[in-house]
Amino acid sequence: TSIFSSSLILTETKHGGSKNGKKEGLSGSSFFTWFMVIALLGVWTSVAVVWFELVDYEEVLAKAKDFRYNLSEVLQGKLGIYDADGDGDFDVEDAKVLLGKYKYRWNNLYNLVIKEPLKKLREKQESKKEENEEEKKKTRKGKDATDRKDKKAVDMNKIKKDSDKTKRDRGKEKGIDKSVKSKETTKKSTSEKDGTVPVGKRQRNKKDSLKERSVPAQPASPESEETVQHAEKSYVDSGKTFPKKKKKPKLLNKFDKTIKAELDAAEKLRKKGKVEEALRAFEALVNQYPQSPRARYGKAQSQDDLAEKMRSNEMLQQAINTYDEVVNLPNVPSDLIKLSLKREADRQQFLGRMRGSLVTLQKLVQLFPTETSFKNDLGVGYLLIGDNSNAKKVYEEVLSLAPNDGFAKVHYGFILKAENKIAESIPYLQEGLESGDPGTDDGRFYFHLGDALQRMGDKEAYKWYELGYQRGHFASVWQRSLYNVKGLKAQPWWTARETGYTELVKSLEKNWKLIRDEGLAVMDKKRSLFLPEDENLREKGDWSQFTLWQQGRKNENACKSVPKTCALLERFPEATGCRRGQIKYSIMHPGTHVWPHTGPTNCRLRMHLGLVIPKEGCRIRCAQENRYWEEGKVLIFDDSFEHEVWQDAESYRLIFIVDVWHPELTAQQRRTLPAI
C-alpha cells in the first residue's frame with residue numbers, strides 16, 4: 001500500500017497538483033496519471049505471476065511437446081541474448097531479472113517473450129502441416145508409380161508364363177517329365193516292372209496312336225487323376241534363399257516397338273482366352289508386317305493354345321512350324337529366339353518326335369554355347385532317345401563349365417548308376433539333391449540315391465527315402481512307386497478275397513500243373529525264350545523270364561508255345577488287360593539275390609503262383625515281412641512296396657507271375673491310364 005501511495009503523491013505533485021491542496025479539473029496530466037496507475041497494476045500483476053510462479057511453466061512446455069514442438073527451443077532461439085544469469089539459457093530466473101530491469105517496458109517484453117514466439121510457433125505448425133501434406137502426396141504418387149510398375153511386371157511375368165506353360169511342370173526336366181499327358185515319356189523313364197531303367201531305354205511302340213498319346217488331356221475327374229510324384233518343389237523349408245528375379249525378356253526389335261500397340265491388343269485377346277480372335281489378329285499382323293518376329297511368335301503361341309483347346313495334333317504341328325519361322329526372320333531379339341526354340345523342342349517332345357526335338361535343342365546350344373541350361377536340356381533330349389553315352393558327354397561338359405550345377409549332377413549320377421557304377425553315382429546324386437537347383441527335387445533322384453546307398457550297404461538310404469516321402473515324392477518310406485493314383489488301398493500283402501479276384505486265383509491254383517508243364521516244356525525245347533532280367537536288379541545269380549503279356553498286349557508267338565495257359569488267362573481281363581503289368585514265367589537259379597527295389601506304380605497287384613519250389617532256401621520280403629512260395633499256391637503282394645528276393649536253394653525255382661489291376665481302380669481309369 002505504501003508503495004502505491006507514494007507513487008501517486010509524487011506523480012500528482014509533478015504534474016500540476018496544487019501546493020495548497022486545492023483541487024482542479026481533469027486535465028491531460030490527470031489522464032496520464034490514471035494510465036500509469038493501470039499500467040503499474042499490470043506490471044506488478046505480471047511480476048506476481050512470475051515471482052510467485054502462479055503459472056506452471058513446466059505444464060506449458062509439456063503441452064507444447066504434445067504438439068510435437070519444443071516451445072523451450074523456440075524461446076531459447078529468440079531469448080538467448082537475454083540470458084541474464086549466465087547459465088546458458090533463458091529460464092524463470094532470467095525472467096525475474098528482466099522484470100526488475102525493464103519495469104516500464106512490459107509491452108516490448110510481452111511481444112518479445114510471448115506474442116512473437118507463439119506467432120512463430122503457429123507459423124511453424126502451419127508450415128509443418130503443409131510439409132506433411134506434400135510428403136503424403138509424394139508418397140501416394142510414389143506408391144501409385146510402384147503399383148503401376150508392379151502391375152506391369154506381373155503382366156510381363158504372365159506373358160512369360162503363357163509363352164512357356166510347361167516349364168515348371170517339367171522342372172527343367174523337359175522330356176523326362178512323366179506326366180499323364182505324355183505316355184512316351186512315361187514309357188521311357190521307367191521299366192515295365194520296377195522303374196529303375198534309365199530314361200529312354202525302351203523305345204515307344206510305333207503302333208501307338210499319336211493322337212492318344214500326344215493330345216493334351218482334359219482336366220481329369222477325381223477318380224481318374226494320377227499323381228506323378230516327381231514334381232519340382234520350392235526349397236523354403238531347406239533354408240535356401242531364392243535366386244534374384246530374372247530380367248524380363250526383351251521380345252521386341254526396333255520395328256516391333258513401332259507397332260507395339262497393335263501387338264499388345266492381339267496379345268490381350270490371347271491372355272483373355274479368346275484364342276481364335278487372337279490367332280486372327282496375329283495372322284493379320286503377320287500378313288501386314290511379315291518381317292515382325294513378335295507378331296509371328298504371337299501367332300505360334302495362339303496356334304499352340306488352339307491346339308490344346310481343340311486337342312489337335314495337326315494344329316500343334318502348325319504351331320511348331322511357326323515357332324521355327326520366328327527364328328529364321330531377320331533382327332530377332334535373342335530372348336525371342338530362346339523362347340521360340342525352347343517351346344518348339346518341348347512341343348516336339350510332346351508329340352513324341354524326340355529326334356526332331358534333339359535337332360532343335362542342338363541348334364539352341366549352337367546359338368547360345370555359354371548357357372548351361374540349354375546344354376542340360378540337350379542332355380535330357382539324348383536320354384529320351386536312349387542315347388546315354390552322348391547325354392553323359394553333355395553333362396560332363398556342363399560340369400566342366402559349372403562344377404556346382406545341381407541339375408547336371410543329378411542327371412550325371414543317374415547315368416552312372418545306370419552303368420552300374422554305383423559308388424561313383426552317389427556323390428553326384430547327393431550333391432545335386434542338396435543343391436536345391438531347379439529340376440533336382442524329383443522323386444526319381446531320391447529313388448536312385450537311396451537305391452545306390454542300399455546296394456553299398458549304407459543305412460543312410462532310408463534317410464533319403466524319408467526325405468523323399470516328406471517332400472511328397474513317395475506314398476511312404478516303404479511304398480516308393482512314382483506313378484500313382486491317389487486314394488488306393490495300400491498294404492504290402494493281400495489275400496484273394498481282399499482283391500476280389502477269387503475266380504482268377506482259384507483257376508490258377510486249380511490248373512497249376514498244366515501251367516507248370518507247359519513252362520517246363522519251353523525250358524527243355526526253347527530255352528532261348530527265357531530272357532535274362534535286364535533291369536540291373538540282381539546283385540548276383542541267374543534270373544530269366546518268359547513273357548506272355550506285356551502292357552496289356554498279348555505276345556502271340558510266345559503263346560504258341562504255351563497255348564493252354566494263354567487260353568486259360570483269356571477269361572480274366574483284369575490280368576490280360578492290365579496295361580501296367582505283365583504275365584510271365586520266372587526262373588531263378590541258386591545263388592541269386594535280387595536287390596531291394598520297388599515297382600513303378602501303385603495301380604497293380606502282383607500274383608506269384610508256385611510251380612517248382614525247392615524245399616528250403618527261397619524267400620521273398622515285401623516291406624518288413626518275409627513269405628515263402630508253395631507249389632500250387634498263390635502269393636499276392638503290392639510290388640510298389642519295397643521287396644527283395646533270395647534264392648539260396650540247391651536247385652532252380654520256377655514261378656508264374658500274373659499282374660492285375662488294383663481292385664479299387666474304376667473302369668474309366670483302367671481304360672485311360674497310360675501303359676507302363
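Let's start with the whole protein: of its 676 residues, 47% are buried. Keep in mind that this is a predicted model. Its chain forms 29 helices and 15 strands. About 35,300 Å² of the protein is exposed, and carbon and sulfur atoms supply 52% of that area. If you look at the contacts between residues with a separation of 6 or more, 70% of them link residues 24 or more positions apart.

A good place to go next is a sheet. Five strands make it up, and walking across you meet them in the order β5-β9-β14-β11-β12. The sheet is open, and its strands pair in the antiparallel sense. The edges belong to β5 (538–540) and β12 (625–627); each has a single partner strand, so one side of each has no neighbour in the sheet. On average, neighbouring strands here are turned by 20° against each other, ignoring direction.

Now step inward from the β5 edge. β5 and β9 are antiparallel and share 2 bridges, and you can spot Lys 540 standing opposite His 593 in β9. On to the next pair: β9 (residues 592–597) and β14 (residues 643–647) are joined by 4 bridges, again running antiparallel. Take Thr 592, whose bridge partner in β14 is Gln 647. His 597, meanwhile, is partnered with His 643 of β14. What about the surroundings of β9? With 6 of its 6 residues buried, β9 is largely enclosed by the rest of the structure. As a general point, side chains in a regular strand alternate between the two faces of the sheet.

Over toward the β12 edge, there's an odd backbone angle to look at. In general, most residues other than glycine have a negative phi. Ala 623 is not a glycine, yet its phi is positive, at about 60°. You'll find Ala 623 in the loop between β11 (618–622) and β12. Is Ala 623 buried or exposed? Its relative accessible area is 7%, so Ala 623 counts as buried.

Ala 623 also has a visitor from elsewhere in the chain. Trp 478 sits in the loop between α22 (461–470) and β2 (483–485). Setting aside residues up to four places away in sequence, Trp 478 touches Tyr 462, Thr 598, Arg 621, Ala 623, Gln 624, Ser 640, Phe 641 and Glu 642. The C-alpha atoms of Trp 478 and Cys 622 are separated by 9.0 Å, although the two residues are 144 residues apart along the chain. Trp 478 is partly exposed, with a relative accessible area of 24%, while Cys 622 is buried at 1%.

Another residue with a positive phi is Asn 420, where the angle is about 65° although the residue is not a glycine. Asn 420 lies in the loop between α19 (406–418) and α20 (422–435). With a relative accessible area of 45%, Asn 420 is partly exposed.

Let's turn to the cysteines. A disulfide is a covalent bond between the sulfur atoms of two cysteines. This structure holds 1 disulfide. Which residues does the disulfide join? It links Cys 559 to Cys 566, with an S to S distance of 2.2 Å. The torsion about that S-S bond is about -80°, so the disulfide between Cys 559 and Cys 566 is left-handed. Both Cys 559 and Cys 566 are buried. Cys 578 is another story: the closest cysteine sulfur to its own is in Cys 603, 8.6 Å away, which is too far for a bond. Cys 578 is buried too, at 1% relative accessibility.

Finally, have a look inside. In soluble globular proteins, nonpolar side chains tend to be buried together. The largest nonpolar core in this model has 42 residues, and the members touching the most others are Leu 504, Leu 508, Leu 548, Tyr 585, Met 607, Phe 656 and Val 658. Val 658 makes a handy guide: leaving out its neighbours within four places in sequence, it is in contact with Leu 504, Leu 508, Ala 575, Gln 582, Ile 583, Leu 605, Arg 606 and Met 607. There is also a second, separate core of 37 residues, and Leu 339, Val 380, Tyr 382 and Val 394 are among them.

Terms used
Residues are numbered from 1 along each chain as its sequence is written. This is a predicted model: local features need pLDDT of at least 70, side-chain atom pairs count only at pLDDT 80 or more; totals for chains, interfaces and linings use all residues. Side-chain values use heavy atoms; hydrogens and water are left out. Two strands pair if DSSP finds at least two bridges between them. Axes are lines fitted to C-alpha atoms, for helices over the stretch in contact, and angles run from 0 to 180 degrees between N-to-C directions. Buried means under 20% relative accessible area, exposed over 50%, partly exposed in between (1.4 Å probe, protein chains only). Contact means heavy atoms within 4.5 Å. Accessible areas come from the Shrake-Rupley method with a 1.4 Å probe; for residues, only the protein chains shown count as cover. A disulfide is a pair of cysteine sulfur atoms within 2.5 Å. A nonpolar core is a set of buried Ala, Val, Leu, Ile, Met, Phe, Trp, Tyr and Cys residues joined through side-chain atoms within 4.5 Å.
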